[in-house]
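Please look over the sequence and the model shown here before reading on. The explanation moves from the chain as a whole to particular elements and their neighbours.

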Amino acid sequence: MKEWKNENFELKLKRLEEIVSILENDEVSLDESLKLFEEGVSISKELNDKLIEVKGKIEVIKKDAEGKIKLEDFDDEI
Amino acid sequence: MEDRDIIYKVSELNSEIKNLLGRGFSSVWVEGEISGVKRSSLGHIYFDLKDENSIISAVIFKWSLKNIDFEPENGVLVKVLGDVTIYDKQSKYQIVIKKALSLKYGPLQLRFEELKKKLMAEGLFDDERKKKIPAFPQNVAVITSLYGAAIRDIISIIKRRAKNINIFIFPVRVQGDGASDDIAMALKEANKKKYCIDVIILGRGGGSMEDLWAFNEEAVARAIAASGVPVISSVGHQTDFTISDFVADLRAATPSAAAEIITQGVIDTKNRISQIEKRLISSLKIIYQRIKLRFFKFINSNFYKNPFSIIEKNVMEFDNLYTSLNRAFDSRIKDLQSNLKNLSDRLKNLNPETPMKKGYTITKKGDTVIRTIDDITIGDVIEVIFSDGSAKSNVFEKIKKSEHEEAK
């Protein structure tokens, strides 16, 4: 099974939550908080891209006359 | 009627046929399986009676329902008494049922119950067999007809909710001859490693029990059970249950529901990320506010507005103190001086020589200072001491002040 949400994704999501909890609970300097914020925004963009921007493919698996399997792009107009 | 020259009007012909049917097929008994039950809003029940090869429309009018002691349901085998009649507006004939007897399930329903019993006994429906549906599938196989509503629904829901998912469509016939073989083959194909399928959605839209029958075939049930990839079965509507549903790892009420299930993980994660984003932004705002507040507290402080004010204040205080200290010191000195003068004045007056210089003398008899006339007697030698010398003299007269005079 190769689910798209691999370990790396989960780690990044955890890091994002960690950043937020540091910003929410610790007294961090403005410099430090800006650095963390930037990191957080870039991680969340990356995760969102993976969820939203990456477009999956749609394929139809068809058999030809000899019974051989071939892949065809799915025609959205079918 | 044997006269070939007779030309009927359509309604006349239908009327003739109606009479013919009425004469020949009034109060006939017929045996068949109920299928396609529809209830009209007026309370009449329409359905088909059928056997393996043939079918006839049937109706039970509301007023005849009292003669039927069972619930007319799809798959029920019945023996009915009725009149065959023609509904001439549609040129369709039907049997109007006056009485009906249930003969328990028809062959289809019977086969369903038998297969269900058999597979259940084999443990094919056991919960322990159910594979977990992956929360974040990358590759999804859809086994259904290319031409039904199900494929449209599934694709549009997956693309709307999680467009990063790859969809592999395995087109099959979903009803009629060969459908069950198609489905079983597609299940086998979708399990091939080259596709890396994470989950299979098997299904079709709604239909009659006959339409959905392929999903009740043993071949399909066996292929689902043999699938290493988790299978979600979604056949027909909420109320339709098929053997596929029981064997599959999960039953979804409809194909749309199946698409929602496999994309729920993405939806949840999207929500989780957007929640975190909101917290990220608001936490930075709070930090900025906090620092701004500290900054303004400083900006508004007296020290920032006039940093010398503290020094000025101190200088003035010192000045005041210094002046009052000096003043206090001066006055103390003056007090001391005047005290001193006072004391020395008083001291001066206490010196016995001072009155002697004015003419006062001290009179002694021996070593004793004479303070009263009674201390001396006539003939005594007394010494009169002046400031600058002394004289010895004899007393020859004593005059004491009278009491009276003294009192004055």
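The paragraphs below describe a predicted model, beginning with one chain and then turning to a sheet, a helix and a hairpin.

Chain B contains eleven helices and 14 strands, and 25% of its 408 residues count as buried. Among the contacts in chain B between residues at least 6 apart in sequence, 63% join residues at least 24 apart.

Strands from both chains take part in an open sheet of seven strands, whose order is β2(A)-β1(A)-β7(B)-β6(B)-β8(B)-β9(B)-β10(B) and whose pairing is mixed. At the edges stand β2 of chain A, residues 69–73, and β10 of chain B, residues 250–251; each has a single partner strand, so one side of each is left without a neighbour in the sheet. Within this order, β6(B) and β8(B) run parallel and are joined by four bridges, with B:Ile143 standing opposite B:Leu202 of β8(B).

Across this sheet lies helix α4(B), which spans β1 and β2 of chain A as well as β6, β7 and β8 of chain B, and which runs at about 170 degrees to β6(B). The helix comprises twelve residues, 179–190, and reaches 16 Å from its first C-alpha to its last, close to the 16 Å expected at 1.5 Å a residue. Its buried residues are B:Ala179, B:Ser180, B:Asp182, B:Ile183, B:Ala184, B:Ala186, B:Leu187 and B:Ala190. The cover over these buried residues includes the strands β6, β7 and β8 of chain B, and also helix α5 (218–226) of chain B.

How do α4(B) and α5(B) pack, in angle and in the distance between their axes? The angle is about 10 degrees and the axes lie 8 Å apart, which makes α4(B) roughly parallel to α5(B), because angles under 35 degrees count as such. From α4(B), the contact draws on B:Ser180, B:Asp181, B:Ile183, B:Ala184, B:Leu187 and B:Lys188, while α5(B) contributes B:Ala219, B:Val220, B:Ala223 and B:Ile224. By class, seven of the residues in this contact are nonpolar, one is polar and two are charged. B:Ser180, B:Ile183, B:Ala184 and B:Leu187 are among the buried residues of α4(B) and also take part in the contact with α5(B).

A further part of chain B is the pair formed by β13(B), residues 381–386, and β14(B), which run antiparallel and are joined by six bridges. A hairpin connects the two strands through two residues, and B:Ile382 stands opposite B:Ser393 of β14(B). Strand β14(B), residues 389–394, is hardly covered, since the count of buried residues among its six residues is zero.

Methods:
Residues are numbered from 1 along each chain as its sequence is written. Chains are lettered from A and ligands numbered from 1 in the order in which they are written. This is a predicted model: local features need pLDDT of at least 70, side-chain atom pairs count only at pLDDT 80 or more; totals for chains, interfaces and linings use all residues. The expected span of a helix is 1.5 Å times one less than its number of residues. A residue is buried if 20 or more other C-beta atoms lie within 10 Å of its own, exposed if 12 or fewer, and partly exposed in between; C-beta atoms are placed from the backbone. Two residues are in contact if their C-beta atoms, placed from the backbone, lie within 7 Å. Two strands pair if DSSP finds at least two bridges between them. Axes are lines fitted to C-alpha atoms, for helices over the stretch in contact, and angles run from 0 to 180 degrees between N-to-C directions. Angles under 35 degrees count as roughly parallel, over 145 as roughly antiparallel, 65 to 115 as roughly perpendicular and the rest as oblique. Ala, Val, Leu, Ile, Met, Phe, Trp, Tyr, Cys and Pro count as nonpolar, Asp, Glu, Lys and Arg as charged, and the others, Gly among them, as polar.
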